[in-house]
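Here are my comments on the model you asked me to look over, set out as numbered points so that each can be checked against the coordinates.

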Amino acid sequence: MATALLTLLLGGCVKNEFDVEVSLPERVSGHYSFLYYASDPVKGWFAEEMMMVDKGKGAVTGRTNNPSLVWIMDPSGRPAAVFYVERGDRIRISGDSENPASWRVRGNGVTERLDEWRHANRASISSMDSRKVNAAVTAYVRENPSDPVSAILMAVYYDRRDDEAGFARTWKMLRDDALEKEWVDLVSRSDISAGGPWMRRMPGEVVIKSVGNGVDTLRFGRKPALLYFSYVDSEGRREAVAEMRRICRKYPDSLSRIIAEISLETDSMTRIWPMRGDSLSTVVKGWMPLGPADDAAVSLGVEEVPLFIVAGKSGKEVYRGESPGEASKAFEKEMK
């Protein structure tokens with residue numbers, strides 16, 4: 001009884017803080033920034049702590065009630081390393097240079113496994129080769145599907161815009177503890193915590209304003225669908241329209257598929273004039289004047305443009321991204 005009471009009292013004394021100590025070669029001096037999303041039971045906020053390293057030694061105290069991910073920024077202001085922290089943790093950092101990307105971080109099991117992965121894949125991360133980084137994340141998840149580190153790597157390092165379908169496949173490998181909501185909450189990623197469009201079926205139908213008909217209803221789950229969302233000046237729009245034109249020529253029967261080119265412009269006239277020159281036939285030419293806040297955009301999970309969404313006959317989304325080539329490849333596969 002006394003032991004239990006002592007444990008309770010000691011547990012209640014844990015401050016909403018974490019300590020970081022850095023030990024580097026004596027020649028290293030300079031300022032380093034630690035960025036993280038702090039939160040308590042009521043609210044959350046982004047925080048930054050500055051640390052002065054003098055002759056290789058430095059220390060800083062962060063404040064949060066809930067667990068968090070902390071980014072170490074290099075002197076140029078770019079993120080170089082990341083670690084996991086809970087209140088009461090004592091994080092110890094060591095290294096042989098002034099570059100945070102080379103530092104080793106210790107303090108808890110999650111941090112140490114993150115650190116091991118980061119160092120094993122440091123070359124790929126530094127090269128910013130998203131395909132190599134994505135492959136490294138997938139390899140870790142495949143071998144450690146129940147490890148929370150797998151979920152963190154997915155949220156922090158996996159480039160979804162480069163391979164949305166690969167992200168979906170890899171996320172579905174996660175099991176048990178790795179699927180707990182707390183790990184996604186660490187990076188404040190609502191697109192993942194809400195399930196993400198790549199984890200959901202398409203809505204049964206959406207109603208959109210149409211330049212030609214006034215209103216059009218797109219019904220999914222009966223035939224393949226290819227949707228393209230953009231603004232008039234979206235990067236790559238000309239190439240995207242050209243690819244859609246090719247698809248229309250290859251599949252001219254509008255009863256066998258859905259192809260829609262949808263603008264998020266707020267001004268209808270801005271939309272209509274370029275559309276007259278698109279020469280896209282048998283295509284729904286839609287318009288979402290409220291942009292991402294439009295009911296149809298919310299239903300389809302359209303948050304950024306340019307964006308392609310491809311759905312199969314089952315109504316399941318099979319591609320989401322900005323590549324015209326990848327979108328058409330996915331669509332043609334569903335048309336077979």
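**Notes on packing and strand pairing**

1. Leaving aside neighbours within four places in sequence, Trp117 is in contact with Ile125, Val133, Ala136, Val137, Tyr140, Leu153 and Tyr157. The structure is a predicted model, and the contacts listed in this note should be read with that in mind.

2. Trp117 belongs to the largest nonpolar core, which has 25 residues, and together with Leu114, Val137 and Leu153 it is among those that touch the most other members. At least two residues of this core are supplied by each of S6, H2, helix H4 (130-143), helix H5 (148-156), H6 and helix H7 (181-185). A second core, separate from this one, has 22 residues, including Phe34, Tyr36, Ala81 and Val85. As general background, nonpolar side chains in soluble globular proteins tend to be buried together.

3. Four strands make up an open sheet, where the order is S3-S2-S5-S6 and the pairing is antiparallel. Strand S3 (44-53) and strand S6 (79-85) each have a single partner strand and stand at the edges, so one side of each is left without a neighbour in the sheet. On average, and with direction ignored, neighbouring strands of this sheet are turned by 20 degrees against each other. Helix H2 (residues 109-120) packs on the sheet, where it touches S5 and S6, and its direction makes about 155 degrees with that of S6.

4. Within this sheet, strand S2 (residues 30-39) and strand S5 (residues 68-73) run antiparallel and are joined by 4 bridges. For checking the register, Leu35 stands opposite Trp71 in S5.

5. Ser68, whose place is in strand S5, deserves a separate look. What is its relative accessible area? The value is 0%, so Ser68 is buried, the cut-off for that term being under 20%. A polar atom of the Ser68 side chain lies 2.8 Å from the backbone oxygen of Tyr37. Not counting residues up to four places away in sequence, Ser68 touches Tyr36, Tyr37, Ala38, Phe83, Tyr84, Val85 and Leu186.

6. A further pairing links strand S1 (residues 17-23) to S4, the two running antiparallel with 7 bridges between them, and here the bridge partner of Glu21 is Ala59 in S4. The side chains along strand S4 (residues 57-63) alternate: Gly58, Val60 and Gly62 point to one face and are buried, whereas Lys57, Ala59, Thr61 and Arg63 point to the other and are not.

7. Helix H6 (residues 164-171) is mostly covered, with 6 of its 8 residues buried, and these are Glu164, Gly166, Phe167, Ala168, Thr170 and Trp171. At the start of H6, the backbone nitrogen of Gly166 has a side-chain oxygen of Asp163 reaching to within 2.8 Å of it.

8. The last point concerns Ala240, which is found in helix H9 (residues 237-250). With a relative accessible area of 1%, Ala240 is buried. Which residues does Ala240 touch, not counting those up to four places away in sequence? They are Tyr228, Phe308 and Pro324. Ala240 and Pro324 are 84 residues apart in sequence, and yet 5.3 Å apart in space, C-alpha to C-alpha.

Key. Residues numbered from 1 in each chain as written. Predicted model: local features only at pLDDT ≥ 70, side-chain atom pairs only at ≥ 80, totals over all residues. Heavy atoms only, no water. Pairing = 2+ DSSP bridges. Axes fitted to C-alpha atoms, helices over the stretch in contact; angles between N-to-C directions. Contact = heavy atoms within 4.5 Å. Buried < 20%, exposed > 50% of the residue type's maximum accessible area, 1.4 Å probe, protein only. Polar contact = N/O pair within 3.5 Å; in protein donor to acceptor, adjacent residues only side chain to side chain. Core = buried A, V, L, I, M, F, W, Y, C linked by side-chain atoms within 4.5 Å.
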